[in-house]
Amino acid sequence: MSGNVQLLNDTLAAAKSEGRAALIAYLPAGFPTVDGGIEAARAALDGGADVVEVGLPHSDPVLDGPVIQTADDVALRGGVKIADVMRTVREAHAATGKPILVMTYWNPIDRYGVERFTAELAEAGGAGCILPDLPVQESGLWREHADKHGLATVFVVAPSSRDARLAEITAAGSGFVYAASLMGVTGTRESVGAQAEDLVRRTRTTTGTPVCVGLGVSNAAQAAEVARFADGVIVGSAFVKRMLDAPDEAVGLAGVRALAAELAEGVRGKA
């Protein structure tokens, strides 16, 4: 069974052909429940997201701020398992036909088994994995199995990454490059800042792979700002916050769908 890296590539190319950035939404599996997490992913895609990243909840999410940490805690207390993450990918993709990636720290994959994880992700219709803490120089085994199963390997670059390091990272990755807009953890911010634009510019000198910006984008105006210079806009904490702040799941799902629609307008320059 081959994964959906080509669907991801085609989706990003289609957005570019429309003269816009792609909208990529992040939501953790198992939050507020496994079924609720699946519905949240569907709501984001139905609202206008082009791609969804399904987070694999982790007890020590070093890149994630308090909003996503809170959601991860809820999911972990609910007993979420990797099988639930795979089910979330499968059902979100089957319902929408859109590309679904998993965002995860390396330790859970290492413990689960690289071959098993990649085979199951491909079988579920996944498009690939974002691996924020896997060093490129230690990624050979992962990339071997990801390539075999038709999965993208998305690495994260940061404003602190030197040009030579950017070239090393982008040469090893596929699908897109995740450009962290600033040094720090995930969360909504007042401004995304000039660091992101400079990082995208420097990254593009090393690769033709799309460069998508995350960390800090929370509204349509910010999405429009980032869409001017990036191939994709990644939004996570703002979606999770809609679920966290809602009095019940139905209201939360409506909030996710509405935010996706607002951000979709933003990436089209209509904010």
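Helices and strands are DSSP runs, numbered from the N terminus. By that numbering, Gly216 is found in the loop between E8 and H10. The model described here is a predicted one. Gly216 has a relative accessible area of 5%. Buried means under 20%, so Gly216 is buried. The C-alpha atoms of Gly216 and Val177 are separated by 17 Å. Along the chain, these two residues are 39 residues apart.

Asn219 is also placed in a loop, between strand E8 (211-214) and helix H10 (220-227). Asn219 is partly exposed, as its relative accessible area is 32%. The side chain of Asn219 faces two backbone nitrogens. A polar atom of this side chain lies 3.2 Å from the backbone nitrogen of Ala221. A polar atom of the Asn219 side chain also lies 2.8 Å from the backbone nitrogen of Gln222. Asn219 and Leu259 are 40 residues apart in sequence. In space, their C-alpha atoms are 7.8 Å apart.

The nonpolar core comes next. In soluble globular proteins, nonpolar side chains tend to be buried together. Here the largest nonpolar core holds 90 residues. Phe117, Trp142, Phe176, Val233 and Phe239 touch the most other members. Helix H12 (residues 249-267) gives the largest share of this core, seven residues.

Val233 is one of the five residues that touch the most other core members. Residues up to four places away in sequence are not counted in its contacts. Val233 touches Ala21, Ala22, Leu23 and Ile24, among others. Val213, Val217, Ala223, Val226, Ala227 and Val267 are also touched by Val233.

Trp142 is found in helix H7 (residues 140-148). Its relative accessibility is 0%, so Trp142 counts as buried. The contacts of Trp142, leaving out residues up to four places away in sequence, include Trp106, Ile109, Val114 and Phe117. Thr118, Cys129, Leu131, Leu134 and Thr153 are touched by Trp142 as well. The C-alpha atoms of Trp142 and Phe117 are separated by 9.7 Å. These two residues are 25 residues apart along the chain.

Thr153, a contact of Trp142, has its place in strand E5 (residues 152-154). Thr153 counts as buried, at 1% relative accessibility. The side chain of Thr153 makes a polar contact of 2.8 Å with the side chain of Trp142. Beyond four places in sequence, Thr153 touches Cys129, Leu131, Trp142, Arg143, Ala146, Gly173 and Ser174.

Helix H2 (residues 34-47) has 14 residues. At 1.5 Å a residue, H2 should span 20 Å. Its end C-alpha atoms are 20 Å apart, so the expected span and the model agree. H2 is mostly covered, with ten of its 14 residues buried. The buried residues are Val34, Gly36, Gly37, Ile38, Ala40, Ala41, Ala43, Ala44, Leu45 and Gly47. These buried residues pack against strand E1 (22-28), strand E2 (51-55) and strand E3 (100-103), among other elements. They also pack against helix H4 (82-96), helix H11 (237-245) and H12.

Two backbone features flank H2. Most residues other than glycine have a negative phi, and most peptide bonds are trans. Just after H2, Gly48 takes a positive phi of about 140 degrees. Pro32 lies in the loop between E1 and H2. The peptide bond from Phe31 to Pro32 is cis, with omega near 0 degrees.

The largest pocket was then located. Rolling a probe the size of a water molecule over the atoms shows where empty space is left. The largest pocket has a volume of about 280 Å³. Its lining is made of 13 residues. Leu56, Pro57, Val80, Ile82 and Pro108 lie nearest the pocket centre. H4 and helix H5 (106-112) are the elements that give two or more residues to the lining. H5 supplies the largest share, four residues.

The last residue described is Gly269, found in the segment after H12. Gly269 has a relative accessible area of 61% and is exposed. Gly269 and Tyr105 are 164 residues apart in sequence. Their C-alpha atoms are 33 Å apart in space.

Technical notes:
Residues numbered from 1 in each chain as written. Predicted model: local features only at pLDDT ≥ 70, side-chain atom pairs only at ≥ 80, totals over all residues. Heavy atoms only, no water. Buried < 20%, exposed > 50% of the residue type's maximum accessible area, 1.4 Å probe, protein only. Polar contact = N/O pair within 3.5 Å; in protein donor to acceptor, adjacent residues only side chain to side chain. Core = buried A, V, L, I, M, F, W, Y, C linked by side-chain atoms within 4.5 Å. Contact = heavy atoms within 4.5 Å. Expected span 1.5 Å × (residues − 1). 1 Å grid on protein atoms, 1.4 Å probe; cavity = no way out; pocket = protein on both sides within 12 Å on 5 of 7 lines; lining within 4 Å. Points joined across faces, edges and corners; volume = space filled by probe spheres on them.
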